[in-house]
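Visitor: I have a model open on my screen and would like to know how its descriptions are reached. Could you take me through the reasoning?

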Amino acid sequence: MSYDPTNIFAKILKGELPCHKVYEDETALVMMDIFPQSRGHTLVIPRAASRNLLDADPAALAEVIPLVQRVAKAVQTATKADGLRLAQFNEAPAGQTVFHLHFHIIPAYEGIALGAHAAGRADDGELAQLAKDIAAAL
Ligand code: 5GP
């Protein structure tokens, strides 16, 4: 399957749609997931166009993974999570719903089960505050 440049993350990367932005540079955009599986669920979206891991340019992957680590540490600091799950889905049967490569950083809290994937929408005020807190910890 080929990359569709009209996907929602491509539009967010181009600034055509809004997001709760944490950080951006020439490599990637970091934003809050609006249907979070836990408080602080953050997405790292490489600018390089690919559907997912399978068609990604290895050079683009090499550039973005250090940022994924940096953001994971900032999410941990800002949320005081007890653990973090890193997730990345490839094609719909595996759970992928947006077909532009992205990495999920999902905080885990002792005794609290993770929510469903891409389900309940979070409060915009809370997402804006989390984006600020994570940005401050970067
Ligand atoms: P996937 O299932 O493709 O790995 O993950 C897509 C993620 O994007 C889901 O976790 C979903 O909650 C999130 N998502 C879907 N639409 C939007 C949107 O418009 N803005 C943001 N920030 N996240 C979105």
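Visitor: Let me start with one residue. Which residues does asparagine 7 contact, leaving aside neighbours within four places in sequence?

Guide: Asparagine 7 is in contact with Val98, Phe99 and His100. Please keep in mind that this is a predicted model.

Visitor: What makes these count as contacts?

Guide: The test is heavy atoms within 4.5 Å. As for the backbone, the C-alpha atoms of asparagine 7 and histidine 100 are 7.0 Å apart, while 93 residues separate the two in sequence.

Visitor: Where is asparagine 7 found, and why is it called buried?

Guide: Asparagine 7 sits in the segment before helix H1 (8–13). Its relative accessible area is 9%, and buried means under 20%, so asparagine 7 is buried.

Visitor: What does the side chain of asparagine 7 reach, and why is that a polar contact?

Guide: The side chain of asparagine 7 reaches the backbone oxygen of aspartate 4 at 2.8 Å. The limit for a pair of N or O atoms is 3.5 Å, so a distance of 2.8 Å falls within it.

Visitor: Now to serine 50. Where is it, and how do you know whether it is buried or exposed?

Guide: Serine 50 belongs to the loop between strand S3 (42–46) and helix H2 (58–79). With a relative accessible area of 3%, set against the cut-off of under 20%, serine 50 counts as buried.

Visitor: Which residues does serine 50 touch, apart from those up to four places away in sequence?

Guide: Serine 50 touches Tyr3, Asp55, Ala56, Phe99, His100 and Leu101. Phe99 and His100 also appear among the contacts of asparagine 7. In addition, a polar atom of the serine 50 side chain lies 3.1 Å from the backbone oxygen of asparagine 52.

Visitor: Stepping back to the whole chain, what is its pattern of helices and strands?

Guide: There are 3 helices and 5 strands, and along the sequence they follow α-β-β-β-α-β-β-α.

Visitor: How do you know that the radius of gyration agrees with a compact globule?

Guide: For 138 residues, a compact globule would have a radius of gyration near 14 Å, and the chain has 14 Å, so the two agree. The C-alpha atoms fill a box of roughly 40 × 30 × 25 Å along the principal axes.

Visitor: And how much of the chain counts as buried?

Guide: Of the 138 residues, 41% do. Asparagine 7 is one of the buried residues, and serine 50 is buried too.

Note on methods:
Residues are numbered from 1 along each chain as its sequence is written. This is a predicted model: local features need pLDDT of at least 70, side-chain atom pairs count only at pLDDT 80 or more; totals for chains, interfaces and linings use all residues. Side-chain values use heavy atoms; hydrogens and water are left out. Helices (H or I, at least four residues) and strands (E, at least two) are DSSP runs, numbered from the N terminus. The radius of gyration is taken over C-alpha atoms; the globule rule is 2.2 Å times the number of residues to the power 0.38. Buried means under 20% relative accessible area, exposed over 50%, partly exposed in between (1.4 Å probe, protein chains only). A polar contact is a pair of N or O atoms within 3.5 Å; within protein, one must be able to donate a hydrogen and the other to accept it, and residues adjacent in sequence count only if both atoms are side-chain atoms.
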